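Reader: I am new to this structure and would like to be led through it carefully, one question at a time. Could we begin with a single residue and then turn to the chain as a whole?

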Amino acid sequence: MDREFIDTLHLCHHCGGGFLNYREICPKCKSHNLKMIPLIHHFRCAYIGPKTDFLYKDQLICPKCSSLLLNPGVDYDSPGSTFICKNTSCNNQFQRPPILVSCVDCETDQSPHELVVRKVYKYSFTEKGLQHFLSLD
């Protein structure tokens, strides 16, 4: 028989289910109620901060040097984003949220590395295997 790779499945380590919900979570309180805010890097004074720090009356003003930022790529760029936890008792700010996987079937929460990985293959007869199968009585 020939074997051909088809897919990789990630399954719940508790029940084997494949109906999984991937969530970014706060590393401090584990809430998944997060807000992503783009970062701005002002070239002239090298200040980097959340876009909300730069917003003033529908314009971008650097909070460090008070310069008006007009041209992306000339005055400033966006080197990424930051996350803020919307849980009012937390309000944690962080760069890279961890991922939590929740199984919809059994409601188990787990890290991605805890998932069971299964490879899916397609099998088919080779010509030799088909001849052998057809010669059986």
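**A residue in a loop, then the chain**

Author: In this predicted model, threonine 108 has a relative accessible area of 17% and is buried.

Reader: In which loop is threonine 108 found, and which residues does it touch?

Author: Threonine 108 belongs to the loop between β11 (99-103) and β12 (109-110). Not counting residues up to four places away in sequence, threonine 108 touches Cys12, His13, His14, Val101, Ser102 and Cys103.

Reader: Is the chain more spread out than a compact globule, or not, and what is its radius of gyration?

Author: The chain has two helices and 13 strands. For 137 residues the globule rule gives 14 Å, and the chain lies well over that, so it is more spread out than a compact globule, with a radius of gyration of 26 Å.

Reader: Which residues make up the largest nonpolar core?

Author: In soluble globular proteins, nonpolar side chains tend to be buried together. Here buried residues make up 26% of the 137 residues in the chain. The largest nonpolar core has seven residues in all, namely Ile40, Cys45, Phe54, Leu60, Cys62, Leu69 and Tyr76.

Reader: Which residues is cysteine 62 in contact with, leaving aside its neighbours within four places in sequence?

Author: Cysteine 62 is itself one of the residues of the largest nonpolar core. With those neighbours within four places left aside, cysteine 62 is in contact with His42, Cys45, Tyr47, Phe54, Ser67 and Leu69.

Note on methods
Residues are numbered from 1 along each chain as its sequence is written. This is a predicted model: local features need pLDDT of at least 70, side-chain atom pairs count only at pLDDT 80 or more; totals for chains, interfaces and linings use all residues. Side-chain values use heavy atoms; hydrogens and water are left out. Helices (H or I, at least four residues) and strands (E, at least two) are DSSP runs, numbered from the N terminus. The radius of gyration is taken over C-alpha atoms; the globule rule is 2.2 Å times the number of residues to the power 0.38. Buried means under 20% relative accessible area, exposed over 50%, partly exposed in between (1.4 Å probe, protein chains only). A nonpolar core is a set of buried Ala, Val, Leu, Ile, Met, Phe, Trp, Tyr and Cys residues joined through side-chain atoms within 4.5 Å. Contact means heavy atoms within 4.5 Å.
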